[in-house]
Amino acid sequence: MEQSSQETPRAVEVTLRPFELSDVDAMMVWASDPQVAAVCSWDAYESTEPLLAFIRDAVLPHPWYRAICLAGEDRPVGAVLMMPTGDLCRAEIGYHLARAHWGKGVATAAVKRTVAALFDEMEGLERVEALVDVANPASQRVLEKAGFTREAVLRKYCAIKGVVKDMVMFSFINTDPLVE
Amino acid sequence: MEVQAVQGGVPAAEPELAITLREFTLSDADAEAFMSWASDPRVVRFQRRPPLHRRPRPAAPLVPRHLRRRPPRGLHLRQARRAGPRGRRPPFMASVGYRVAREHWGRGVATRAVTAAADAVFAAWPWLRRLEAVADVENPASQRVLEKAGFVREGVLRQYIMLKGRPRDMVMFSIVDTDRGEHKQPVVETHGP
């Protein structure tokens, strides 16, 4: 089949690994970025000391928090995490990416790997879900390209920096086909 | 089953069906009433906990709101649960669930109780922005209760909960403060950086 000039480029490859304290400088790249923090519950970090404490106290003991690395590189460009819900059958994921790597399919690749890993690792998992602000279409596209199904707008579902927001609920269930 | 008066092919609304909500007590009467529906497989069909065979101990975490008839007989309404589903969100959201003894089905009891409960919690909890409820996709009666009680159907969440060993698709419903014409101050967040 003839390739059009608009065909998506060769898929980005990423690896996921646990974080280490030595990743603080790499993490600072996105943690200090107000554009990244704008859609998150936390404020952009202004120094590495509190970020180091965050890695030590929240990331390292976390049940599933992974650094996103581009294939062949060890320096993280983002993070993806699994957050337990009240039910063992259901897990939520979230992700952050340094702005320099937006728009290249990196987050999509990371989410695909995450879904495959979670269904492989978590016994009894039936559903992976993710919530995205209705006003964040780029992040919604990440999930759609990763094979998630858009299910509903949940109104006033999350409070981000004091503002209660409508969130789009996406899910990937264990009978959905994994996307290559 | 009770026989209902029929007018023109439509069951007549029962006159003066008084519904009140009250808290559960630890009395034997309440425990027996609770047992009457909690042991009924038809009532608990869409409930994760299996039918009870023994009366729950007083220390069991029963729920505070209950529909009252003399003696208490039918409906119990689970109190809206404070705080979001994952704890990292500020407590501006709550959820509601309900059970009605089988002999009181089909008479609008649940609808009235859920409506009254929604009114009560929005009045009692100034922090509340969202009250949500889920109903099994195969439980249209419960979905109708929520719709008639003023909840908005938001969508189907696939394989959302496990029910007796099987994953279930659930319909999510909600009432938000702005549905009720209320507008609140920004939420004060309680989590760390």
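This briefing walks through how two protein chains meet, how one of them is built, and which charged side chains pair up.

What you're looking at is a predicted model. Chains A and B bury about 2700 Å² between them, and the rule finds five salt bridges across their interface. Counted over all chains, the salt bridges come to 20. Let's take it topic by topic.

**Where chain A meets chain B**

- Start with who takes part: chain A brings 37 residues to the contact, and chain B brings 34 residues.
- Of the roughly 2700 Å² that the two chains bury between them, 48% is on carbon and sulfur atoms.
- Three residues stand out here: Arg155(A), Lys156(A) and Tyr157(A) supply 28% of the area that chain A buries against chain B, more than any other three residues.
- As for polar contacts, there are 13 residue pairs between chain A and chain B, counting pairs with both residues at pLDDT 80 or more.
- On chain A's side, the elements that give two or more residues are strand E3 (76-84), strand E4 (90-97), strand E5 (127-133), strand E6 (149-160) and strand E7 (163-173).
- E6(A) gives the most to that side, with eleven residues.
- Sort chain A's touching residues by type and you get 18 nonpolar, eight polar and eleven charged.
- If you'd like one salt bridge to look up, try Arg155(A) with Glu154(B), where the closest N and O atoms are 3.2 Å apart.

**How chain B is put together**

- Chain B has three helices and nine strands.
- Reading from the N terminus, its elements go β-β-β-α-β-β-β-α-β-α-β-β.
- Chain B has 193 residues, and 45% of them count as buried.
- Take the contacts in chain B with a separation of 6 or more: 62% of them are between residues 24 or more positions apart.
- On the outside, chain B exposes about 10500 Å², and carbon and sulfur atoms supply 53% of that.

**Two residues with a positive phi**

- Here's a handy rule of thumb: most residues other than glycine have a negative phi.
- Lys156(A) isn't a glycine, yet its phi is positive, near 50°.
- You'll find Lys156(A) in strand E6 of chain A, and it counts as buried because its relative accessibility is 16%, under the 20% cut-off.
- Gln159(B) also isn't a glycine, and its phi is positive too, at about 50°.
- Gln159(B) is in strand E8 of chain B, which covers residues 152-163.
- With a relative accessibility of 11%, Gln159(B) counts as buried.

**Salt bridges inside chain A**

- Arg17(A) pairs with Asp23(A), with 2.9 Å between the closest N and O atoms.
- Are these two buried or exposed? Both Arg17(A) and Asp23(A) are buried.
- Arg127(A) and Glu151(A) meet through their side chains in another salt bridge, at 2.7 Å from N to O.
- That second pair links distant parts of the chain: Arg127(A) is in strand E5 and Glu151(A) is in strand E6, 24 residues apart.
- Arg127(A) is buried, with a relative accessible area of 0%, and Glu151(A) is buried as well, at 12%.

**A salt bridge inside chain B**

- The side chains of Asp119(B) and Arg180(B) form a salt bridge, with an N to O distance of 3.0 Å.
- Asp119(B) lies in helix H2 (residues 109-124) and Arg180(B) in the segment after strand E9 (166-176), so the pair ties together parts of chain B that are 61 residues apart in sequence.
- Asp119(B) is partly exposed, with a relative accessible area of 40%.
- Arg180(B) counts as partly exposed too, at 30% relative accessibility.

**A network of charges**

- Which residues are linked in a network of salt bridges? They are Asp87(A), Arg90(A), Arg127(A), Glu129(A), Glu151(A), Asp176(A) and Arg158(B).
- You've already met two of these network members, Arg127(A) and Glu151(A), as the pair with 2.7 Å from N to O.

Terms used
Residues are numbered from 1 along each chain as its sequence is written. Chains are lettered from A and ligands numbered from 1 in the order in which they are written. This is a predicted model: local features need pLDDT of at least 70, side-chain atom pairs count only at pLDDT 80 or more; totals for chains, interfaces and linings use all residues. Side-chain values use heavy atoms; hydrogens and water are left out. Contact means heavy atoms within 4.5 Å. Buried area is the accessible area (1.4 Å probe) that two parts lose on being put together, summed over both. A salt bridge is a side-chain nitrogen of Lys or Arg within 4 Å of a carboxyl oxygen of Asp or Glu. A polar contact is a pair of N or O atoms within 3.5 Å; within protein, one must be able to donate a hydrogen and the other to accept it, and residues adjacent in sequence count only if both atoms are side-chain atoms. Helices (H or I, at least four residues) and strands (E, at least two) are DSSP runs, numbered from the N terminus. Ala, Val, Leu, Ile, Met, Phe, Trp, Tyr, Cys and Pro count as nonpolar, Asp, Glu, Lys and Arg as charged, and the others, Gly among them, as polar. Buried means under 20% relative accessible area, exposed over 50%, partly exposed in between (1.4 Å probe, protein chains only). Accessible areas come from the Shrake-Rupley method with a 1.4 Å probe; for residues, only the protein chains shown count as cover.
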